[in-house]
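Hi,

Here is the structure I promised to send over. Have a look at it first, and then read on for my notes.

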Amino acid sequence: MPTYSNAQRKYWAQRPANVLKFDTVDFSHPDNGNIRLVANQFSDKTLNGDTYQAVAMEFPQITNQTTDSTKAGSIQFGRIGTQVRQWLLAITPLGAIKYPITATLRQFEDGVTLPIYERRLFVDQNGISINADSVNVKLSVDNPSKLTNKTAFYDPALWKGLQNL
């Protein structure tokens, strides 16, 4: 849970109702870097020094975010073809197993440099569906790369033959 300064609390208590809010998602993976997207804008936006590409997407409601993994939400991109599909398909199969795709959700307000909301989530290994019309990304609180390794590691002290490898 983020902590807010007295200045931030004072600003939010008296802010006008017509302030623009920008919902953003930042997907990152060691294989191919980051892709930063801003929801439902007509042009790219520079927020907090980073440039976010404008795309049409259904974004999970920020106010409904909880720590429950079943309620982390999903993001649906409609007919964007090249932006997210190419980025997702550039991840190698081994890289997809070893490292999770992280999705950082942020919400910015117009005129405020730092995000007013930030949450780091993970993309499930089976949470990406790509078809001709859309891309659907299911988000989770749990790190999927740590969940898949449910077996015990071999200990060379118990398995003497491993010492020769």
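The protein chain exposes about 10,800 Å², and 52% of that area comes from carbon and sulfur atoms. Bear in mind that this is a predicted model. Of its 165 residues, 35% count as buried. If you look at contacts with a separation of 6 or more, residues 24 or more positions apart account for 53% of them.

On to the fold. The protein chain has four helices and nine strands, and from the N terminus on they run α-β-β-β-β-β-β-α-α-β-β-β-α. The nine strands make up an open sheet with mixed pairing, in the order β3-β4-β2-β1-β7-β8-β9-β6-β5. The edges are β3 (45-47) and β5 (57-58). Each of these has a single partner strand, so one side of each has no neighbour in the sheet.

Let's start with β1 and β2. Strand β1 covers residues 21-29 and strand β2 residues 33-39; they run antiparallel and are joined by six bridges. One pair to click on is valine 25, which stands opposite leucine 37 in β2.

Next to valine 25 in your viewer, have a look at threonine 24, also in strand β1. Is threonine 24 buried or exposed? Its relative accessibility is 0%, so threonine 24 counts as buried, the cut-off being under 20%. Leaving out residues up to four places away in sequence, threonine 24 touches Leu37, Val38, Leu47, Tyr52, Phe59, Thr104, Leu105, Arg106 and Phe108.

Now the other end of the strand order. β5 and β6 pair in the antiparallel sense over two bridges, with methionine 57 opposite phenylalanine 77 in β6. Strand β6 (residues 74-78) is also joined to strand β9 (residues 134-140), again antiparallel, by five bridges. There, glutamine 76 has asparagine 136 in β9 as its bridge partner.

The two faces of β6 are worth colouring separately. In a regular strand, side chains alternate between the two faces of the sheet. In β6, Ile75 and Phe77 form the covered face, while Ser74, Gln76 and Gly78 form the uncovered one. That puts phenylalanine 77, the residue opposite methionine 57, on the covered face, and glutamine 76, the partner of asparagine 136, on the uncovered face.

Staying with strand β9, leucine 139 is found there. With a relative accessible area of 1%, leucine 139 is buried. Leucine 121 lies 18 residues away from leucine 139 in sequence, and the C-alpha atoms of the two are 6.3 Å apart.

The loop between β8 and β9 holds alanine 132. What does its accessibility say? At 69% relative accessibility, alanine 132 counts as exposed, the cut-off for that being over 50%. Alanine 132 and glycine 78 are 54 residues apart along the chain, and 9.5 Å separates their C-alpha atoms.

You may want to check some backbone angles too. Most residues other than glycine have a negative phi. Two asparagines here have a positive one:

- Asparagine 40, in the loop between β2 and β3, has a phi near 55°.
- Asparagine 48, in the loop between β3 and β4 (50-55), has a phi of about 55°. With a relative accessible area of 43%, asparagine 48 is partly exposed.

Last, a pocket. Rolling a probe the size of a water molecule over the atoms shows where empty space is left. The second largest pocket has a volume of about 250 Å³. It is lined by 14 residues, and those closest to its centre are Ile91, Ala96, Ile101, Gln125 and Ile128. Which element supplies the largest share of the lining? That is β8, with five residues. Both α2 (82-89) and β8 (117-130) supply at least two residues of this lining. By type, the lining divides into eleven nonpolar residues, two polar and one charged.

If you only have time for a few spots, I would go to these: threonine 24, at 0% relative accessibility; the two faces of β6; and the second largest pocket, where β8 gives the largest share of the lining.

Cheers

Conventions
Residues are numbered from 1 along each chain as its sequence is written. This is a predicted model: local features need pLDDT of at least 70, side-chain atom pairs count only at pLDDT 80 or more; totals for chains, interfaces and linings use all residues. Side-chain values use heavy atoms; hydrogens and water are left out. Buried means under 20% relative accessible area, exposed over 50%, partly exposed in between (1.4 Å probe, protein chains only). Contact means heavy atoms within 4.5 Å. Accessible areas come from the Shrake-Rupley method with a 1.4 Å probe; for residues, only the protein chains shown count as cover. Two strands pair if DSSP finds at least two bridges between them. On a 1 Å grid over the protein atoms alone, a cavity is a set of points where a 1.4 Å probe fits but cannot get out, and a pocket is an open set with protein on both sides within 12 Å along at least five of seven lines; lining residues have an atom within 4 Å of a point. Grid points are joined across faces, edges and corners, and a volume is the space filled by probe spheres set on the points. Ala, Val, Leu, Ile, Met, Phe, Trp, Tyr, Cys and Pro count as nonpolar, Asp, Glu, Lys and Arg as charged, and the others, Gly among them, as polar.
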